[in-house]
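Colleague: I would like to go through this model with you, starting with its open spaces. Please give the reasoning before each value.

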Amino acid sequence: MAAPSAAGMGRRLRAWLPRIMPVRWSRYNPSYLEPEVKKESYQKPLEEQTEEEREQMELKAVRPIKAAPPTLSSSVFSDPMISKFTNMMMKSGNKVLARSLMSQTLEAIKRKQLEKYHKAPENEKETIECNPYVIFHQALKNCQPIIGLSNITKGGKTYQVPVPLTDNRKRFLAMKWLITECRENKHRRTLMPEKLSQELLLAFNNEGPVIKRKHVLHKMAEANRAYAHFRWW
Amino acid sequence: TLRLICTTTAVQRKNVGASGPEKYTEAFIKKQIEEFNLGKRHLANMMGEDPETFTQEDIDRAIAYLFPSGLFDKQARPVMKHPTEIFPEQRKIQWGEDGRPFHFLFYTGKQSYYSLMHETYEKLLNVQKHQDQLIAQDLPLQKEKRNLAGSRWLTKIELEEMLLEKVSDDDYSRFIQLLQKLVALPCADIEEKYIQKFCKEVPAQLKTVVIEPLQYDERGVAFSTGEGKRKTASATAVVYDNGTGKITVNGTDILHYFPVLQDREQLLFPFQFLGRIGKHDMVCTVSGGGRSAQAGAIRLASAKALRSFVTEKEVEFMRQAGLLTVDPRVKERKKPGQEGPRRKFTWKKR
């Protein structure tokens, strides 16, 4: 089969034949690299770059590059985390609605923080964070679990084994917990942006149901510490 | 199985040289070449041309004139070419008259591949010995880095052509791993000539595309056009210089045509990346596709048009930001026996 080795262009690609053929494929040739959208990385002069960055630049000059997706842009307003969160909130491909909910959430956060800011006494005014993007990022970081549990079947019984998580998985779990929490545990009349902004502010201060869920997971992992040796990877 | 969507013609061309030992003897090929040369001189005489300066193109034209054929398949029409082009290069018979094979690895089945592996490993051992000698004499090891980005290894097809026998994927990957191991050693410069046989130069991606020069309209304003496609939408954009940043799509302003913020952000992306937001005017026409596809098509068209206004370095930056690549993603087809491209029918137990 010529499939994996016809894609063996370029020395960086390990000519490795997978044991099991993957079903997930993409329309791009595997030699295509990811695009770099931020303007600042192109304005860095040559002297400041390290060895690795120079090699990266040389490689990029030779290999073709994938097209930038429609959610990514070089403007200051596009943030990859926010886009990921919007995509996860989206239902049946209604990106317009998801995007508007997200912007309403950020607006609601800003309003609440500004209210708090104007009511606070002089010495506390500096501690109150008003930037909704900073609050969003910090809240997500606070919600990320450090360790996860995975079901491993051994000798007929299924055990919950503590397992390290990759960065992507941590971010995904944090976002998923936030969204499920906001969809299920709210009063019938409250709208999504209001509830989401409430949850994000609580998570920013390390309170709230999502943080509790993270702590519960950590406690379970601590309790099942004995089975950690079941993991083989 | 892995579906190969993006192929080159090289992949689809069958490697006839590797299909087995030769079916034509050497004497037969020699005779064919003599007959071809004789026939060429006769043809030149017939056409009234000089036999010495009768090129292949003249032969093709003469044959097309003498034997006109209405067949659709070009390869079925009468052809007169040099025998080396018609009878593909194949391996000669590998054994002598007594039936004894010439090569000592003949009975492995892949004699050229294994002999190649043996040779490369010998070079590796050589380099290691040289390294040990240098260490014994306390001399510093040479550490000049080869130019990694400018060259690539031979593909499997090219290797098959070189060895004139079939190479499997596993074998090919093992060979490449061995070559990488050889190159990774510090004193690999000794065997540079041997390694060069398996390297190919890759030109920088930028050189493959031609940037068109600016055009000037009646009022003296510089403008340039670009075309873009995305999914089923196709767009043409005309970018004018000395503008105020007004963008018109199909006769209407972008604020009316694209009510969604994301699409407008995409339209402005190339301009914002180059820092030329208020400096250009744009007039575009777009048809087909949906709202997002049309925005992507216009983005590609405007990026292509902006190439003429901008230095080569900035064109390279635009390419690395993914603005100049055509997005190949299209809707996946529905398969029979499934409800959609991936979704299967509901599984019912009975």
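Colleague: How much space lies in the second largest pocket?

Modeller: This is a predicted model. Rolling a probe the size of a water molecule over the atoms shows where empty space is left. For the second largest pocket, that space comes to about 1200 Å³.

Colleague: Which class has 14 residues in the lining of the second largest pocket: nonpolar, polar or charged?

Modeller: The lining is made up of 36 residues, and A:Pro69, A:Pro70, A:Thr71, A:Leu72 and A:Ser83 lie nearest the centre. Nonpolar residues number 11 and polar residues also 11. The class with 14 is charged.

Colleague: Which helix supplies the largest share of that lining?

Modeller: Helices that each give at least two lining residues are H10 (261-274) and H11 (291-306) of chain B, along with H4 (80-89) of chain A. The largest share is 4 residues, and its source is H4(A).

Colleague: How far apart are the end C-alpha atoms of H11(B), and what span should its 16 residues have?

Modeller: H11(B) is mostly covered, with 13 of its 16 residues buried. At 1.5 Å a residue, the expected span is 22 Å. The end C-alpha atoms agree with this, because their separation is 23 Å.

Colleague: Is A:Ser197 buried or exposed?

Modeller: A:Ser197 sits in helix H8 (192-204) of chain A. Leaving out residues up to four places away in sequence, A:Ser197 touches A:Thr105, A:Ala108, A:Ile109 and A:Lys112. Its relative accessibility is 0%, and the cut-off is under 20%. A:Ser197 therefore counts as buried.

Note on methods. Residues are numbered from 1 along each chain as its sequence is written. Chains are lettered from A and ligands numbered from 1 in the order in which they are written. This is a predicted model: local features need pLDDT of at least 70, side-chain atom pairs count only at pLDDT 80 or more; totals for chains, interfaces and linings use all residues. Side-chain values use heavy atoms; hydrogens and water are left out. Buried means under 20% relative accessible area, exposed over 50%, partly exposed in between (1.4 Å probe, protein chains only). Contact means heavy atoms within 4.5 Å. On a 1 Å grid over the protein atoms alone, a cavity is a set of points where a 1.4 Å probe fits but cannot get out, and a pocket is an open set with protein on both sides within 12 Å along at least five of seven lines; lining residues have an atom within 4 Å of a point. Grid points are joined across faces, edges and corners, and a volume is the space filled by probe spheres set on the points. Ala, Val, Leu, Ile, Met, Phe, Trp, Tyr, Cys and Pro count as nonpolar, Asp, Glu, Lys and Arg as charged, and the others, Gly among them, as polar. The expected span of a helix is 1.5 Å times one less than its number of residues.
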